[in-house]
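Colleague: Thanks for sitting down with me. Could you take me through the reasoning behind the labels on this one?

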Amino acid sequence: MSVTTEKSLDATAIRPFTGETPQADLDDLRARIVATRWPEKETVDDLSQGPRLATMQALARYWAEEYDWSKCEERLDALPHFITEIDGLDIHFIHVRSEHEDALPLIVSHGWPGSIVEQLKIIDPLTNPTAHGASAADAFHLVIPSLPGYGFSGKPTTTGWDAVRIASAWTELMKRLGYTRFAAQGGDWGAIVVDQMGVQASPELIGIHTNMPGAVPADVHAAVLSGGPAPAGLTDEETRIYENLKVFFATDVGYAQEMGTHPQALYGIADSPVGLAAWMIDHDAASMEGISRVFDGEDDGWGLTRDDVLDNITLYWLTNTGISSGRIYRENKLGFYDVKGVSIPVAVSIFPDEIDAAPRSWVEQAYPKLMHYNQLEKGGHFAAWQVPELFVPEVRTGLRSLR
Amino acid sequence: MSVTTDTPSSATEIRPFQVEVPEEELDDLRQRIAATRWPSKELVADRSQGVQLATIQELARYWTSDYDWRTCEAKLNALPQFTTEIDGVDIHFIHVRSQHEDALPLIMTHGWPGSVTELLETVGPLTDPTAHGGTPGDAFHLVLPSLPGYGFSGEPTELGWDAARTGRAWAELMERLGYTRYVAQGGDVGALVTDLMGRQAVEGLVGYHLSLLTAVLAIGDRLPKESEQERAAAEAVATFREDGFGYFLEMATRPQTIGYALLDSPVALAAWMLDHDTDSYYKISRAFVDGEPVGNLTRESIVDNITLYWLTGTGPSTARSYWEDGRALAAALASGQPPPAVTVPVGFTTFPGEIWASPRSWVEAVYPDLAYFNEADRGGHFAAWEEPDVFAGEVRAAFRSLR
């Protein structure tokens with residue numbers, strides 16, 4: 001992946017950025033996909049051993065024969081991209097200012113295995129609401145950074161880039177862009193980052209919206225991790241979430257355990273496109289199932305297309321960020337879903353297929369200044385990507401009281 | 001991988017077996033290694049993030065430039081190899097009868113990421129003791145099977161091939177070979193298989209020897225932690241669970257996910273196999289980076305083992321054995337029933353570099369009638385491979401009273 005940025009004497013200046021993929025990289029990718037050496041079929045009929053052989057072969061066929069990266073590249077090129085060095089690392093971001101001058105500045109942070117590709121569908125509705133059935137008062141100035149080690153951001157060469165440090169960097173980025181009063185949004189790692197921004201509570205940050213709240217009470221969190229019995233007194237809804245989380249931590253976190261300990265053992269996600277794709281698809285059970293359906297020729301129930309999924313995977317491949325993106329798990333010292341201590345205003349949207357679809361009771365305890373809580377009827381862990389039509393109104397409504 | 005076996009009149013017949021790898025498979029392997037796309041370097045100066053780039057790059061260089069699979073192939077083919085179908089799966093095994101007619105029959109089982117290649121250097125000392133400092137009374141008739149899904153054995157296509165079933169298959173194998181009174185030995189997964197042969201009290205088994213206390217995974221929290229040695233072992237178990245467990249959990253929950261990369265990328269496979277325990281990792285790393293092998297853990301023997309996995313395409317099928325054993329363990333724990341008692345004598349050797357170097361008190365807690373115990377002065381998780389003479393001495397001593 002070759003990139004061009006304008007030369008600058010000052011690394012902390014904000015430099016325009018254009019990504020350009022050499023044809024040779026795309027040819028190499030296609031040749032590798034075609035040359036994939038396949039394992040035998042899984043010994044089960046479900047996803048309990050990982051993405052099915054038939055799914056991965058359908059994905060590989062489409063990727064090599066029909067998929068066109070240049071369409072994604074065109075969409076990316078149509079947006080204003082920048083790079084600036086923060087805390088010693090080049091941070092890439094998309095920055096779309098609304099034509100409505102008093103729009104609310106908002107930084108939206110992706111997670112793993114996500115990227116800026118996840119956020120592309122929400123850019124126009126959030127920055128240009130009047131063209132999407134909303135009012136000028138719903139407008140946002142939007143900043144969408146790539147996490148350190150992800151996409152077009154630099155890859156850290158030293159340890160320490162955890163969610164806490166990224167949170168400081170995001171605040172610095174917004175201030176550098178001249179925003180003195182802004183909000184933050186996130187899911188997955190992005191949610192943990194915006195929670196940490198909330199904990200750090202820089203005076204410029206006026207509130208956050210999260211679709212993966214850190215809201216599981218300490219006793220429940222401990223019971224989930226130990227596999228122990230549920231604490232007494234949980235409601236039916238709380239018990240259901242407790243059970244979901246217990247299954248998740250018992251059977252669905254192999255990828256997180258591996259990246260959280262030995263990310264550098266995963267050479268295959270740098271060397272094998274299909275190896276990378278399988279590793280990325282095997283996220284939470286609902287996402288793996290939905291994305292598998294997309295390639296099995298069925299509806300995922302959300303609206304993801306094969307191109308959506310491959311845009312994201314191809315971005316990881318071309319930037320060779322499989323391992324560098326996984327390192328955030330190694331750096332992390334925080335719980336995924338426990339309460340972090342956010343005292344600023346918070347809006348929470350719960351999408352039903354999220355791993356931790358936290359009930360209102362937990363969320364109210366976790367965020368004393370809860371300004372919005374809503375349970376949506378569909379969507380999952382990658383809500384902005386899966387159900388932008390539900391995600392966008394949530395962001396508008398959730399943050400409305402801050403304007 | 002092409003193999004030659006005589007055409008059987010019956011699948012359960014014992015058929016001679018030879019390894020013959022077509023040259024184009026070796027060419028393809030070399031090309032893939034040379035075309036490896038590397039990730040960025042780890043951010044630390046030790047193995048705490050996985051397999052260090054310098055180590056795996058040196059391995060790749062050696063693999064393509066200096067290594068010759070044909071030497072390994074000749075070594076294997078110099079031994080009498082066979083296959084026979086047991087319980088629907090073709091089982092490959094080496095069978096070396098001692099010239100001493102009253103030798104004790106011994107079935108010895110490798111583990112993960114091992115194969116029959118880790119046991120080759122013990123064949124001489126165990127079957128031909130008089131040429132290796134022993135007496136005719138030390139002789140064994142040796143049977144070295146490849147686990148189902150490993151090496152030249154077939155890959156199960158149905159569920160249920162956990163270690164208990166493999167243990168029953170081994171009993172059938174020994175019976176088919178005409179051995180009515182025999183002993184068994186194993187480390188790693190081989191220790192689990194061997195122990196389950198004992199607990200199922202298979203016909204003909206009169207004793208067994210282990211080098212790994214697999215029961216720690218089930219009852220580790222109930223073992224004594226009083227003495228310095230016990231505390232050190234408990235700490236080693238805790239470190240393994242916190243930091244060395246990623247590969248284990250991934251294979252036990254999503255063998256197919258990691259399997260795609262293991263089949264498609266030789267370097268992915270090599271790194272995944274090197275990322276086992278800390279002691280063996282550093283010993284292996286020394287062999288490549290410093291040119292100073294420890295014992296018999298030479299570059300050649302390490303790459304023999306990896307190449308065997310590559311050529312047989314058994315990355316995912318070997319990982320699946322963890323999935324099967326993980327489910328069996330979870331079911332056993334959930335049942336609340338203790339495992340059946342062992343009724344034959346058990347011998348145990350603790351090697352100092354083992355993941356958890358089990359103190360005698362731990363081994364006695366699991367095997368109250370322990371018949372033999374010793375702490376070897378050198379050797380690690382792959383003791384038979386690393387220190388074949390020390391290991392053979394232990395096997396002789398452990399079974400002496402059973403002759």
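Modeller: Gladly. Asp188(A) sits in the loop between strand 7 (182-186) and helix 6 (189-200) of chain A. Please keep in mind that this is a predicted model.

Colleague: What makes the phi of Asp188(A) worth a remark?

Modeller: Its sign. Asp188(A) is not a glycine, yet its phi is positive, at about 50 degrees. Most residues other than glycine have a negative phi.

Colleague: And is Asp188(A) called buried or exposed?

Modeller: Buried. The relative accessibility of Asp188(A) is 8%, and the label applies under 20%, so Asp188(A) counts as buried.

Colleague: What is the phi of Asp188(B)?

Modeller: For Asp188(B), phi is near 50 degrees, again a positive value in a residue other than glycine. Asp188(B) lies in the loop between strand 7 (182-186) and helix 6 of chain B. With a relative accessible area of 10%, Asp188(B) is buried.

Colleague: Let's turn to the salt bridges. How many does the whole structure hold?

Modeller: A search over all chains finds 48 salt bridges.

Colleague: Why is the contact between Asp195(B) and Arg199(B) called a salt bridge?

Modeller: The closest N and O atoms of Asp195(B) and Arg199(B) are 2.9 Å apart. The cut-off is within 4 Å, between a side-chain nitrogen of Lys or Arg and a carboxyl oxygen of Asp or Glu, so this pair qualifies. Asp195(B) and Arg199(B) are 4 residues apart in helix 6 (residues 189-199) of chain B, and are therefore separated by about one helical turn. An α-helix has 3.6 residues a turn, so residues three or four places apart point the same way.

Colleague: Are the partners Asp195(B) and Arg199(B) buried or exposed?

Modeller: Asp195(B) is buried at 7% relative accessibility, and Arg199(B) is buried at 11%.

Colleague: Which label do Glu101(B) and its partner Arg97(B) get, and how do you know?

Modeller: Glu101(B) has a relative accessibility of 58%; exposed means over 50%, so Glu101(B) counts as exposed. Arg97(B), with a relative accessible area of 41%, is partly exposed. These two form a salt bridge, with the closest N and O atoms 3.1 Å apart.

Colleague: What about Arg61(B) and Asp66(B)?

Modeller: Their side chains meet in a salt bridge at 3.5 Å, N to O. Arg61(B), at 36% relative accessibility, is partly exposed, and Asp66(B) is partly exposed as well, at 44%. There is also a network of salt bridges that links Glu23(B), Asp27(B), Arg30(B), Arg70(B) and Glu73(B).

Colleague: Which residues make up the patch of negative charge on the surface?

Modeller: Glu20(A), Asp68(A), Glu74(A) and Asp77(A) gather there. Asp77(A) is part of helix 3 (residues 69-77) of chain A.

Colleague: How do you know that Asp77(A) is accessible enough for a patch?

Modeller: Asp77(A) has 43% relative accessibility, which counts as partly exposed. Patch members need over 30% relative accessible area, so Asp77(A) passes that test.

Colleague: What makes you call helix 11 of chain B mostly covered?

Modeller: In helix 11 (residues 266-274) of chain B, 9 of its 9 residues are buried. Among them are Pro266(B), Leu269(B), Trp272(B) and Leu274(B).

Colleague: How many disulfides does the structure hold?

Modeller: The count is 0 over all chains. As for individual cysteines, Cys72(A) is buried at 1% relative accessibility, and Cys72(B) is buried with a relative accessible area of 2%.

Colleague: Which peptide bonds at Pro113(A) and Pro113(B) are cis?

Modeller: The bond from Trp112(A) to Pro113(A) is cis, with omega near -5 degrees. In chain B, the bond from Trp112(B) to Pro113(B) is cis too, with omega near -5 degrees. Most peptide bonds are trans. Pro113(A) belongs to the loop between strand 5 (104-109) and helix 4 (120-127) of chain A, and Pro113(B) to the loop between strand 5 (104-109) and helix 4 (120-127) of chain B.

Colleague: One last residue: why is Ala223(A) called buried?

Modeller: Ala223(A), in helix 7 (residues 218-226) of chain A, has a relative accessible area of 8%. That is under 20%, so Ala223(A) is buried.

Definitions and conventions
Residues numbered from 1 in each chain as written. Chains lettered and ligands numbered in written order. Predicted model: local features only at pLDDT ≥ 70, side-chain atom pairs only at ≥ 80, totals over all residues. Heavy atoms only, no water. Patch = residues over 30% accessible without salt bridge, like charges linked within 9 Å, V, L, I, M, F, W, Y side chains within 5 Å. Areas by Shrake-Rupley, 256 points an atom, 1.4 Å probe, with all protein chains shown as cover. Lys, Arg positive; Asp, Glu negative; His and termini not counted. Charge placed at Lys NZ, Arg CZ, Asp CG, Glu CD. Helix = DSSP H or I, 4+ residues; strand = E, 2+ residues; numbered from the N terminus. Buried < 20%, exposed > 50% of the residue type's maximum accessible area, 1.4 Å probe, protein only. Disulfide = S-S within 2.5 Å.
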